[in-house]
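Trainee: Got a minute to walk through this one with me? I'd like to get a feel for it before lunch.
Mentor: Sure, pull it up and ask away.

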Amino acid sequence: MTETNKVLNVNDAEIAKFEQIANQWWDLTGDFKPLHQVNPLRVQFICQHVSEQQSELFSKKVIDVGCGGGILSESLAKLGAIVTGIDMGTEPLNVAKLHALESGLTINYEKITAEEKAQQNHEGFDMVTCMEMLEHVPDPASIINACANLVKPGGLVFFSTLNKTVKSYLLAILAAEKIFKLVPDGTHEHDKFIKPSQLISWAEQYGLNCIDASGIHYNPISENHKLTDSLDVNYILCCKKI
């Protein structure tokens with residue numbers, strides 16, 4: 001198998017990175033500490049827009065694309081959503097399944113690509129989330145297309161990723177990886193970061209209308225984290241299927 005498996009839109013080297021540290025997914029002081037700290041902001045952003053649609057997450061069918069160890073999947077399940085989490089990493093999924101069992105949560109975890117799942121469940125979900133995953137695949141546009149195919153007309157799709165700016169390199173790679181060791185060295189590659197304009201363009205190409213965008217600010221020194229108007233580092237989008 002080659003490092004970049006374009007048939008499955010999977011980068012095997014990226015999968016291997018997360019396989020190696022899978023046992024740390026639920027260690028609040030480990031390599032995934034930043035994800036745990038920004039997760040409430042993602043949930044806040046999601047709930048805000050679900051509420052604006054005069055709806056709620058309870059009993060809604062939600063799929064978390066690139067779920068990893070299940071941090072966001074569990075948060076959504078606790079709010080009453082019927083959650084499916086998909087990923088191509090065996091060990092992160094094993095961790096996710098075990099933690100859900102220990103937490104008394106029912107979540108359907110599957111090892112399958114977004115593209116394959118979209119073929120099986122066309123427009124089968126009320127909502128789709130895809131967090132910090134687009135920058136780890138060979139063809140992010142294909143993932144966006146799959147997310148659009150997974151969600152029902154009128155449903156919401158949420159994407160979060162890193163902007164391709166000098167500031168994102170300085171904070172997400174130089175500071176977070178090299179200096180403060182918040183995440184493992186080599187977690188991110190700056191040339192795979194995605195500008196919001198590019199992500200929105202792809203979304204519109206596949207029938208998704210971006211209705212809101214917010215930056216996610218994280219200070220590694222103070223550990224202060226908040227939603228912000230600036231999209232120059234981490235950002236999250238809410239899209240609605242036309």
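**Walking through the model**

Mentor: Let's start at Q20, which lies in helix α1, residues 12-20. Keep in mind that this is a predicted model.

Trainee: Okay, is Q20 buried or exposed?
Mentor: Q20 counts as exposed, because its relative accessibility is 65% and the cut-off for exposed is over 50%.

Trainee: And how far is the C-alpha atom of Q20 from that of E91?
Mentor: Those two C-alpha atoms are 8.3 Å apart, although 71 residues separate Q20 and E91 along the chain.

Trainee: What share of the contacts is between residues 24 or more positions apart?
Mentor: Such pairs make up 70% of the contacts in the protein chain, counting those with a separation of 6 or more.

Trainee: Let's move to a lysine. Where is K117?
Mentor: K117 sits in helix α5, which covers residues 114-120.

Trainee: Buried or exposed?
Mentor: K117 counts as buried, because its relative accessibility is just 6%, and buried means under 20%.

Trainee: So what does K117 touch?
Mentor: Leaving out residues up to four places away in sequence, K117 touches I63, T84, I86, E110, I112, F125 and L150.

Trainee: Switching to cysteines: how many disulfides are there?
Mentor: The count comes to 0. C130 is in no disulfide, and the nearest cysteine sulfur, in C147, is 4.6 Å away from its own. A pair would have to be within 2.5 Å to count.

Trainee: Why is C47 without a bond?
Mentor: The closest cysteine sulfur to that of C47 belongs to C238 and is 12 Å away, so it is too far for a bond.

Trainee: How do C47 and C130 come out on accessibility?
Mentor: C47 counts as partly exposed because its relative accessibility is 30%. C130 is at 0%, so it counts as buried.

Trainee: Zooming out, what is the secondary structure of the chain?
Mentor: The protein chain has 8 helices and 10 strands. Buried residues are 50% of its 242 residues.

Trainee: How does the radius of gyration look against a compact globule?
Mentor: It agrees: the chain has 16 Å, and a compact globule of 242 residues would be near 18 Å. The C-alpha atoms fill a box of roughly 45 × 35 × 35 Å along the principal axes.

Trainee: Last one, what about the surface and the charges?
Mentor: The chain exposes about 10,900 Å², with 52% of that from carbon and sulfur atoms. As for charges, there are 20 positive and 30 negative, and their mean positions are 2 Å apart.

Key
Residues numbered from 1 in each chain as written. Predicted model: local features only at pLDDT ≥ 70, side-chain atom pairs only at ≥ 80, totals over all residues. Heavy atoms only, no water. Helix = DSSP H or I, 4+ residues; strand = E, 2+ residues; numbered from the N terminus. Rg over C-alpha atoms; globule rule 2.2 N^0.38 Å. Buried < 20%, exposed > 50% of the residue type's maximum accessible area, 1.4 Å probe, protein only. Contact = heavy atoms within 4.5 Å. Areas by Shrake-Rupley, 256 points an atom, 1.4 Å probe, with all protein chains shown as cover. Lys, Arg positive; Asp, Glu negative; His and termini not counted. Charge placed at Lys NZ, Arg CZ, Asp CG, Glu CD.
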